[in-house]
Amino acid sequence: MRNDEYYKIAYMGLFTALASILGYVESLIPVFIGIPGVKLGLANLAVLFILIRYSWKEAALVSMARILIIGALFGSLFSIAYSTAGAALSLAVMALLAKKKDFSVIFISIAGGVTHNIGQLIIAVWLMESISVVYYAPALLVSGVVTGVLIGLLTTELLKRIRF
Amino acid sequence: MKKKELILVAAILAVALALWAGMTFLHGGEGGSIRITVDGEEYGTWPLSKDEVIEIGDTNVCEIKDGEANMIGAECPDHLCMYQGPVGASGGMIVCLPNRVIIEVVREDKEVEIDGVAQ
């Protein structure tokens, strides 16, 4: 293996750990809006960083690992199902946008935040066997944009400052 | 961000606004009663006019008071549903994801299509 392969493995481990602990930090922050599914999405910071630095494959590994770790430690089978749906859809969209190399990190992050919430909403409709949860769609779309901007700004700064 | 991106973000927000306006219109008006759904099946309907405490299975407790419904008890750890209410005549709903309980305001005069149960 070449030298930068070692770096990559080390950084992927580091960012998996970071994503997991950010998921925990997030669970400590109270949900003030009272809408299920609205959260900061701090873990997306690590996934987005890896996606931009490497590729969707590495990002998918980090994302999958942190979902299993956070789910096993703090969540349930239900929360794993919700996270997986959101993460898979959002990563797919973010990867497509990143590949085009025509979009800013902030926009990729917004798209990720919004599609993450859409994915969770689809799973909610399916698990609750009721279309009524679509009632939350507007709030989830707006919160996806807001948190996407925040995470996008943070990731842009991280990408500028961390070089390897 | 570029102009193209700003337009797309504005479009997302516009969709959210349109959905919100549409659903407020559908759910709004005189909310006569609440319908409680557990696991996709209807658990029952209660009028908002009468103060009452409803036990939903062994998992949740809903209270109707002064024309508004509120979740006052839930055995799940996060208690998110207890912070969502109260819901009243202006419409709205309370959802408990872990126990799959939905409390929603229904209009007495007509059935709204979006409240149908997906199979």
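## Chain contacts and helix packing in a predicted two-chain model

In this predicted model, 28 residues of chain B are in contact with 24 residues of chain A. On the side of chain B that touches chain A, three elements of chain B each supply at least two residues, namely α1 (3–27), β6 (93–96) and β7 (101–107). The largest share of that side comes from α1(B), which provides nine residues. Sorted by class, the residues of the side of chain B that touches chain A comprise 19 nonpolar, four polar and five charged.

Chain B itself is divided into domain 1, covering residues 1–29, and domain 2, covering residues 31–107. The centres of domain 1 of chain B and domain 2 of chain B, taken over C-alpha atoms, are separated by 28 Å. As for confidence, the mean pLDDT of chain B is 79, with 83% of its residues reaching 70 or more, while the model as a whole scores ipTM 0.76 and pTM 0.70. Where pLDDT is low, the predicted coordinates should not be read in detail.

### Helix packing in chain A

Two packed helices are described by the angle between their axes and the distance between the axes. The table gives these values for three helix pairs of chain A.

| Helix pair | Angle between axes | Distance between axes |
|---|---|---|
| α2(A) and α3(A) | about 160° | 7 Å |
| α2(A) and α4(A) | about 35° | 10 Å |
| α3(A) and α4(A) | about 165° | 10 Å |

For the pair α2(A) and α3(A), the axes lie 7 Å apart at an angle of about 160°, which makes α2(A) roughly antiparallel to α3(A). The crossing of α2(A) and α3(A) is right-handed. On the α2(A) side the contact is made by A:Ala43, A:Ala46, A:Val47, A:Ile50 and A:Leu51, and on the α3(A) side by A:Trp56, A:Glu58, A:Ala59, A:Val62, A:Ser63 and A:Arg66. The contact of α2(A) with α3(A) thus counts, by class, eight nonpolar residues, one polar residue and two charged residues.

Helix α2, residues 43–53 of chain A, also packs with helix α4, residues 77–100 of chain A, and α2(A) passes α4(A) in a right-handed crossing. Here α2(A) contributes A:Val47, A:Leu48, A:Leu51 and A:Ile52, whereas α4(A) contributes A:Leu91, A:Met94, A:Ala95 and A:Ala98. By class, the contact of α2(A) with α4(A) has eight nonpolar residues, with no polar and no charged residues.

Helix α3, residues 56–74 of chain A, packs with α4(A) at an angle of about 165°, and α3(A) and α4(A) are therefore roughly antiparallel to each other. In this pair, too, α3(A) passes α4(A) in a right-handed crossing. The contact draws on A:Trp56, A:Ala59, A:Ala60, A:Ser63, A:Ile67 and A:Gly71 of α3(A), together with A:Ser79, A:Ile80, A:Ser83, A:Thr84, A:Ala87, A:Leu91 and A:Ala95 of α4(A). By class, the contact of α3(A) with α4(A) has eight nonpolar and five polar residues, and no charged ones.

How values were computed. Residues numbered from 1 in each chain as written. Chains lettered and ligands numbered in written order. Predicted model: local features only at pLDDT ≥ 70, side-chain atom pairs only at ≥ 80, totals over all residues. Contact = placed C-beta atoms within 7 Å. Helix = DSSP H or I, 4+ residues; strand = E, 2+ residues; numbered from the N terminus. Nonpolar A, V, L, I, M, F, W, Y, C, P; charged D, E, K, R; others polar. Domains from an automatic or database assignment. Axes fitted to C-alpha atoms, helices over the stretch in contact; angles between N-to-C directions. Left-handed = near helix turned anticlockwise from the far one by under 90°. Parallel < 35°, antiparallel > 145°, perpendicular 65-115°, else oblique. pLDDT = per-residue confidence, 0-100.
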